[in-house]
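Open the model in a viewer with the sequence panel beside it. The stops below go from sheet to helices, then to a hairpin, a single residue and the ligand.

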Amino acid sequence: MEDVEHIEKEMKLIDANGVRLDGRKYNELRPIRIEAGVLKRADGSAYIEWGGNKVLAAVYGPREAHPRHIQDPARALVQCRYNMAPFSVSDRKRPGPDRRSVEISKVISEAFSSVVFKEQFPRTSVDIFIEVLQADAGTRCAGLTAASVALADAGVPMRDLVAACASGKIGGVVCLDLNKEEDNFGDADCPMAVVHGTGEVVLLQMDGHLTYDEFQKAMELSLGAADKLFELQRDALRRRYSVTLEEILREAPPAAPAPPPEEPREFEQMPEEPGTSPDSDKELPEDDFGPEGL
Ligand code: CDP
């Protein structure tokens, strides 16, 4: 224990110039990349890389809820399963659910429950799966941000996209988007999810202590980050659904033009027997005997 306290005291998470261990300033996000529609079998999916985090989100539904006794006759259920792969963290994680993953699954399903138009789909379930492939702190925020894109990709009707980002305190300074070292050795971490457009907060947790003013500052930073995340989410969906003319042609080459409709014929004209026509006594042109002649 003393060792950890010693490391915490020695470790300068943010220097006198306000530069953090990974070179970021207090208000900077880690690099983020989002891709929509990455899984063929899911109704909707997304992949996010957020600093050292790599997270996949898949959505199924709305589909009939099973077992039947969980069905709500008035609305859909929004269910989430957050899971960390055993290889996602430095110490192998024991496979299967634990207290932490059950808690994260619960808070994420509640966050989406308040934006999905559940009344439109009674007796059904919208199932969200979040798989953390590589973790570096902030995985619930990364998972939620990706799941929001996956829900939109699945065409689940909802009020707006939701984006999440944590802010916290390191070395007495309120900072945005803590990484693993900052999360482990920092003073506080406060993840927050925001509905774009309304600014409504649908997830808010806190690990550690912040004063009222520090909390206000953290909230301001997370709200600003949510706007940037929304742009990345929207761009990912645009990339997924904007198709060029060349792509359309490659998928389905144009069908051959249909032949023009035949003119309706009043009667079938039979070919005349040679010699039966009234003009048959007329001399036939030389050509009618073929190229060789008679
Ligand atoms: O990931 P998030 O910040 O949402 O949740 P957390 O409980 O604050 O976890 C912070 C970080 O601790 C995770 O992102 C992982 O990198 C790490 N962790 C770990 O190494 N082993 C675990 N069993 C759980 C978390």
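Two strands count as paired if DSSP finds at least two bridges between them. Strands (E, at least two residues) and helices (H or I, at least four) are DSSP runs, numbered from the N terminus. This is a predicted model: local features need pLDDT of at least 70 and side-chain atom pairs count only at pLDDT 80 or more, while totals for chains, interfaces and linings use all residues. Residues are numbered from 1 along each chain as its sequence is written.

**The sheet.** Select E1 to E5, which form an open sheet of five strands in the order E1-E2-E3-E5-E4, with mixed pairing. Its edge strands, pairing on one side only, are E1 (32-36) and E4 (77-84). From one strand to the next the twist averages 15°, with axes fitted to C-alpha atoms (for helices over the stretch in contact) and angles from 0 to 180 degrees between N-to-C directions.

Now keep E3 (residues 53-64) and E5 (residues 124-134), which run antiparallel and are joined by nine bridges. Pick Lys54: its bridge partner in E5 is Gln134.

**Helices on the sheet.** Add H2 (residues 99-113), which lies across E4 and E5 at about 145° to E4. Then add H5 (residues 212-241), which packs on the sheet and touches E1 and E2 (44-50). The direction of H5 makes about 35° with that of E1.

**The hairpin.** Move to E6 (residues 162-170) and E7 (residues 173-176), an antiparallel pair with four bridges. Two residues separate the strands of this hairpin, and Gly171 in the turn has a positive phi of about 50°. On E6, select Lys169 to find its bridge partner Val174 in E7.

**Pro191.** Select Pro191 in strand E8 (residues 188-195). Is Pro191 buried or exposed? Pro191 is buried because 23 other C-beta atoms lie within 10 Å; the cut-offs are 20 or more for buried, 12 or fewer for exposed and partly exposed in between, with C-beta atoms placed from the backbone. Ala166 is 25 residues away in sequence, yet the C-alpha atoms of Pro191 and Ala166 are 3.7 Å apart. Beyond four places in sequence, the contacts of Pro191 (C-beta atoms within 7 Å) include Arg140, Cys141, Leu203 and Gln205.

**The ligand.** Finally, show the residues around the ligand, among them Val89, Lys93, Arg100, Asp136, Arg140 and Asp189; a residue is near a molecule if its C-beta atom, placed from the backbone, lies within 6 Å. Helices H3 (139-153) and H4 (180-185) each supply at least two residues of this shell.

Note on methods
Contact = placed C-beta atoms within 7 Å.
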